[in-house]
Amino acid sequence: MTAPSHTKEQASPPYAVVVPTLVRDTLADCLAALAAATGPPPSEIVLVDDRPDPEAGPLAHPLSVLGDLRARTTVLRGGGRGPAAARNTGVRAVSSPWCVFLDDDVQVGPHWCEQAARDLAEAPPNTAGVQGVITVSLPGGRRPTDWERCTAGLARSRWITADMAYRTDALKQVGGFDERFRRAFREDTDLALRVLDAGWRIQRGRRTTRHPVRPADRWVSLRAQRGNADDALMLRLHGPGWWCRATAPRGRRRAHLAVTSAGVAACALAALGRPRGATAAALGWALGTAEFARARIEPGPRTRYEVDTMLATSVLIPPAATWHWLAGLWRHRGARPWQEVAPS
């Protein structure tokens with residue numbers, strides 16, 4: 001491949017910004033930060049309204065904060081099929097050589113447009129993706145909660161589409177996002193692994209984007225266990241080595257399976273009239289659950305609310321994680337490795 005020439009146009013390549021959204025309260029702040037950022041603005045902005053209700057209210061207020069960028073903004077319907085499908089809808093609508101994906105709950109930095117243009121201009125021809133730098137502000141004066149620590153982990157994650165740029169041609173080459181990923185989880189990792197397998201490179205840029213910790217109820221960690229089904233799909237598509245390739249933490253799935261098995265065994269043995277075995281299994285379940293709860297409580301603020309939340313969810317998470325993992329393995333049992341069905 002030949003090195004790019006240093007023309008003014010190539011020094012600041014056109015780029016589109018694609019934002020899938022459920023029109024949360026955070027969208028206006030996201031768009032306002034984009035409009036206020038200094039530097040070459042995006043040539044196109046595509047908002048994909050992914051609310052399932054086709055009669056959902058208009059986007060008048062969020063769009064009003066865009067100012068002059070409103071004229072180059074397009075709003076499309078996503079149909080409630082999830083962020084992967086919504087991003088594909090956005091990509092099909094753009095003509096720019098680069099697509100920068102932003103989530104609707106992030107806020108780009110004050111010089112983001114300038115930094116993004118530089119990131120893309122400096123990308124070698126064999127580089128398909130340039131990841132932004134995600135920052136998460138944690139509260140001062142106290143230890144972060146379990147949910148805050150989970151959100152802070154986004155700053156260390158690879159290839160997350162909270163702020164991720166891809167060459168439009170590379171996206172089309174690998175077939176875009178896999179729409180079987182219905183949640184905002186693993187769809188970005190799957191895409192990146194396919195891009196790398198196609199011979200491209202992905203690098204980290206210098207533009208910065210802030211990801212606030214959004215409010216959440218005490219059951220958010222329990223709902224997050226649905227992602228185990230997406231991990232099962234990743235296993236089918238990319239094999240058992242995908243965790244290492246993506247430097248993704250494997251979590252406590254094996255421990256959750258062991259704790260859940262002990263709990264099920266305790267109930268079954270008690271029903272069969274085998275008290276000794278039931279007691280031993282119940283003790284194993286209790287010890288595993290207690291260790292899990294301690295690991296989550298110790299680094300946190302240890303308020304009454306947080307401790308109660310950790311105790312309750314630590315009982316429920318192992319069976320929930322195990323259920324979603326096994327359900328995902330069954331649901332995606334027919335999924336073939338992506339290379340076998342890669343677009344020509």
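Q: Which residues is Leu-171 in contact with, leaving aside its neighbours within four places in sequence?
A: Leu-171 is in contact with Val-91, Cys-99, Phe-101, Tyr-166, Gly-176 and Leu-191, where contact means heavy atoms within 4.5 Å. This is a predicted model, in which local features need pLDDT of at least 70, side-chain atom pairs count only at pLDDT 80 or more, and totals for chains, interfaces and linings use all residues. Residues are numbered from 1 along each chain as its sequence is written, and side-chain values use heavy atoms, leaving out hydrogens and water.

Q: What makes a group of residues a nonpolar core, and which members of the largest one touch the most other members?
A: The members are buried Ala, Val, Leu, Ile, Met, Phe, Trp, Tyr and Cys residues joined through side-chain atoms within 4.5 Å. The largest such core has 36 residues, and those touching the most other members are Phe-101, Tyr-166, Leu-171, Leu-191, Val-195, Ile-202 and Trp-242. Apart from it lies another core, of 32 residues, including Leu-59, Trp-98, Val-108 and Ala-116.

Q: Why is Trp-159 called buried or exposed?
A: Buried is under 20% relative accessible area, exposed is over 50%, and partly exposed is in between (1.4 Å probe, protein chains only). Trp-159 has 3%, so it is buried. Its place is the loop between helix 6 (146–152) and strand 7 (163–167), and its phi is near 70 degrees, a positive value in a residue other than glycine.

Q: And why does Thr-247 count as buried or exposed?
A: Its relative accessible area is 53%, so Thr-247 is exposed. Thr-247 sits in the loop between helix 11 and helix 12; its phi, near 45 degrees, is also positive in a residue other than glycine.

Q: Why can strand 1 be described as largely enclosed by the rest of the structure?
A: Seven of the seven residues of strand 1 (residues 15–21) are buried, so the description fits. Helices (H or I, at least four residues) and strands (E, at least two) are DSSP runs, numbered from the N terminus. Tyr-15, Val-17, Val-19 and Thr-21 point one way, Ala-16, Val-18 and Pro-20 the other, and all are buried. In a regular strand, side chains alternate between the two faces of the sheet.

Q: How do you know that strand 1 and strand 4 pair?
A: Pairing needs at least two DSSP bridges between two strands; strand 1 and strand 4 (residues 98–102) have four, in the parallel sense. One of the partners is Val-100 in strand 4, matched with Val-17. Strand 1 also runs parallel to strand 2 (residues 44–49), joined by six bridges, with Val-19 opposite Leu-47.

Q: What makes the interaction of Arg-253 with Asp-231 a polar contact?
A: A polar contact is a pair of N or O atoms within 3.5 Å; within protein, one must be able to donate a hydrogen and the other to accept it, and residues adjacent in sequence count only if both atoms are side-chain atoms. The two side chains make theirs at 2.6 Å. Arg-253 lies in helix 12 (residues 253–271) and counts as buried at 14% relative accessibility.

Q: How do you know that the length of helix 12 is close to expectation?
A: The expected span is 1.5 Å times one less than the number of residues. Helix 12 has 19 residues and reaches 27 Å from its first C-alpha to its last, close to the expected 27 Å.
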